[in-house]
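I opened the model to look up its sheets, strand by strand. My notes follow in the order I took them.

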Amino acid sequence: MAPHSAPFRTAMAGVARLPKWLWRNRCHWTAIVLIVPALLLPYHLVPLGAVPDQPGVSGAVGPWTFTLWAVDTEPPHPGEHDIPEKEYAVRFGPGDAATIRQARLLVKATPPTDADAGAGAPLHGSPHAPEAHVPVPPDGRTLWLWVEGWSGVTATAAIPLTEGARPVLP
Amino acid sequence: MWIYIAFLSLSGSLAAVSNEVIWLLDPAVRATAPGSDAPLAPYSDMAAAATAAVPGSAVAYLRQRTDAMAVEVILWGQGGALVTALVNPYTATVQKVSDTMLFQDVVRSLHGWLLMPWQDGYSLGYYAVAVTGLPLLVAVGTGLVVYRRFWQGFLSPRLRIDLGARIFWGDLHRLIGLWSLWFLLLTGLTALWFLVQAILWHTHTPYLTPEPELPRQAVPYTTTGTRPAPDATQPAVDRAVAAVQAQIPGLSIRWIGWPEHTLAPFAIAGTGPNPLFNDRTYGGYVNPWGSENSGPDDSGPVLVLRSGPADLTAVEWVDHLADPLHYGSFGGVATKILWALLGLAVTVLSFSGMLMWRHRTAPKPTPSGTGETS
C-alpha cells in the first residue's frame with residue numbers, strides 16, 4: 001500500500017481518532033469494566049468442574065488402549081517455540097496408567113524411533129486425562145502417540161490430523 | 001474513570017489482606033499448632049491425608065500462603081477437576097475440602113483481571129487493570145506540577161473542615177495525594193510491569209528459567225512392568241524438601257509442585273532471607289528418584305538450585321519483586337495492613353478528585369442563583 005494512498009490516509013485518520021473516541025466514551029468503558037466482574041462473579045463461586053472428554057479418536061498403542069482428543073477446536077496457536085502449538089488430551093484404558101512409564105505426542109512425517117524418546121511433548125498433569133502442548137508444523141499431518149512401559153517396551157500409534165490439526169480416525 | 005480507579009484501589013486493599021480476612025472468618029484455614037514448639041508434619045503425611053480425603057485423587061501441588069495459614073493441597077480429582085484440601089501443617093489432618101475457588105483467589109482474580117476469562121495466555125481483564133499503571137503515574141506527575149511547592153505540604157499539612165465542601169475536598173485530596181505519593185508511584189510502576197508481563201504471556205515469550213527434564217536414564221526401569229514402589233524409609237517429597245533446605249538456610253517452603261510426568265522433577269519454592277522477593281525466589285528442582293539412579297549428566301538430587309536473587313536474570317528479578325511490592329506482603333501483616341489502608345486512601349483520593357473536578361466544571365451560579373454549589 002502506498003504511504004499516501006486514500007485507504008492509508010483513512011486508516012491513519014481512524015487510528016488518530018481512536019484515543020479521542022475512547023476518551024469520549026470513557027463512561028461506557030468504565031461501566032463495562034465494572035459490570036463485567038459482577039456478571040462473572042457467580043461463575044467463580046461454583047465448584048470447579050472437570051474438563052469433559054471431547055469427541056476424539058480411540059485406538060490401541062501396543063498393549064495399551066487410549067482415547068485422544070484436541071482440547072479445543074482452534075487451530076494451532078503461537079507458542080514458546082517457533083512452531084505453533086496445539087493442546088491434546090489422552091485418556092488411557094483402565095489400569096494402563098500404572099504400567100506406563102512415559103507417553104509423548106509428536107507431529108512428524110515418519111514414525112518416531114527410540115531416538116525420538118525425548119522429542120515432542122510429554123503428556124503431563126492430571127493422571128486421569130493428561131495433556132500435552134504439541135508443536136505442530138504447518139505441514140504436519142500425522143500425530144504420533146509414543147508410549148514407553150516401565151519394562152522398557154515402547155509402542156507407537158499414528159493419528160491423522162485434519163487441516164486445523166484436529167485428530168481424525170485413521 | 002475515577003470510579004474504576006476507586007474500584008481497583010478498593011479491591012486491591014482487600015486483596016492485600018485477603019489471607020488475614022479469611023483467617024479471621026474461617027477457622028478451617030488456620031494453621032493452629034497443638035503446642036508452642038510443635039514441629040511441622042512431613043509433607044508426605046499432608047499429601048497422604050489430602051488424597052485419602054478425596055478418593056481417587058492425586059496431588060498436583062501444595063502451597064502455604066503464610067505461616068499462619070493451613071497448607072493447601074491441590075488435587076486432581078476424579079475426572080480431572082481440581083479440589084483443594086486444607087491441611088493442618090502440624091497435625092497433617094484435613095480441616096476442609098473445597099471444590100470451589102478459595103476466597104483469596106476470588107479477590108485476587110477480581111483485582112488482577114476483573115474475573116475475566118483467560119484464553120491462549122491472555123485475559124482482557126489483566127490488560128484493563130495493568131494499563132491503569134499509566135494514568136496512576138500520570139496522576140503523580142501532574143499532581144506534582146499542579147501542586148506548587150508540594151514539599152511544603154509535608155511540613156505544614158492542612159485540612160480545613162469549616163470553609164465549605166470545595167475547600168475541604170481540595171485539602172483532603174492534596175493531603176492524601178501527598179502522603180500516598182510514593183505508594184502511587186510504587187503501585188503504578190509495578191502495574192506497568194504487570195502490563196509488560198501480560199504482553200510477554202500473550203506473545204508466548206519465555207522469560208522464566210524453564211523447568212528441567214530428567215534424563216531418560218535417571219528413571220529406573222522395572223522387571224515387573226509396573227511403577228517402582230516409593231522409598232518406604234523416606235518418601236520422595238520429604239527427601240526432596242530436605243535436599244533443598246540443606247542448601248538454602250532459612251528457606252521457608254511455600255510451594256511444592258509434584259512431578260507432572262515421570263521425567264519431571266519436584267519443584268520446590270519458598271521465601272528466604274530477603275523478604276522483598278516473592279515466594280518463588282528461593283528453591284530448586286529435585287530429582288524424585290534420587291541421585292543413585294541418575295544418569296551421567298546428573299550432578300545429584302538437586303537438579304537446579306535457586307539460592308536467592310543472585311541466581312535470577314534481570315527480568316526474573318523484576319518479576320519476583322513486583323508482587324510483594326504491589327501487595328505489601330514483604331513485611332508480614334504490618335505492611336499488608338499499611339498497604340490496605342493506603343489503598344483505601346487512594347479510593348478516597350479518586351472520589352475527592354472527582355468532586356474537585358465537578359466543582360470546577362459546574363456551571364457558575366447566576367446572580368439570581370442560590371450561591372456556591374456543593
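I start with a term: two strands pair if DSSP finds at least two bridges between them. I also note that this is a predicted model.

**Chain A, the sheet**

I looked up E1(A) and strand E2 (residues 64-70) of chain A. Five bridges link them, in the antiparallel sense. I picked one position: Val57(A) stands opposite Leu68(A) in E2(A).

I then traced the whole sheet. It is open, has four strands, and follows the order E1-E2-E3-E6 in chain A. The pairing is antiparallel. Its edges are strand E1 (57-61) and strand E6 (131-135) of chain A, each of which pairs on one side only. I get an average turn of 35° between neighbouring strands, direction ignored.

Next I checked the E6(A) edge. Strand E3 (residues 85-92) of chain A runs antiparallel to E6(A), and five bridges join the two. Glu87(A) has His133(A) in E6(A) as its bridge partner. Which residues of E6(A) lie on the covered face, and which on the uncovered one? I find Ala132(A) and Val134(A) on the covered face. Glu131(A), His133(A) and Pro135(A) are on the uncovered face.

**Chain B, overall**

I moved to chain B and counted twelve helices and eight strands. Its C-alpha atoms fill a box of roughly 100 × 40 × 40 Å along the principal axes. Of its 374 residues, 47% are buried. I took the contacts between residues at least 6 apart in sequence; 60% of them join residues at least 24 apart. The chain exposes about 18200 Å², with 64% supplied by carbon and sulfur atoms. I also counted charges: 21 positive and 25 negative side chains, with the centres of the two sets 18 Å apart.

**Chain B, the sheet**

I read the strand order as E4-E3-E2-E1-E5-E6-E7-E8 in chain B, an open sheet of eight strands with antiparallel pairing. Why do strand E4 (94-98) and strand E8 (302-306) of chain B each have one side without a neighbour in the sheet? They stand at the edges with a single partner strand each, so one side is left free of a neighbour in the sheet. Neighbouring strands here are turned by 20° on average, direction ignored.

I looked at one pair inside the order. Strand E6 (residues 266-271) and strand E7 (residues 282-286) of chain B run antiparallel and share five bridges. Phe266(B) has Val286(B) in E7(B) as its bridge partner.

Last, I checked helices. Helix H3 (residues 43-53) of chain B packs on the sheet, and E4 of chain B is among the strands touched. Its direction makes about 50° with that of E2(B). Helix H10 (residues 236-247) of chain B lies across E5, E6, E7 and E8 of chain B, at about 45° to E6(B).

Methods: Residues numbered from 1 in each chain as written. Chains lettered and ligands numbered in written order. Predicted model: local features only at pLDDT ≥ 70, side-chain atom pairs only at ≥ 80, totals over all residues. Heavy atoms only, no water. Axes fitted to C-alpha atoms, helices over the stretch in contact; angles between N-to-C directions. Buried < 20%, exposed > 50% of the residue type's maximum accessible area, 1.4 Å probe, protein only. Contact = heavy atoms within 4.5 Å. Areas by Shrake-Rupley, 256 points an atom, 1.4 Å probe, with all protein chains shown as cover. Lys, Arg positive; Asp, Glu negative; His and termini not counted. Charge placed at Lys NZ, Arg CZ, Asp CG, Glu CD.
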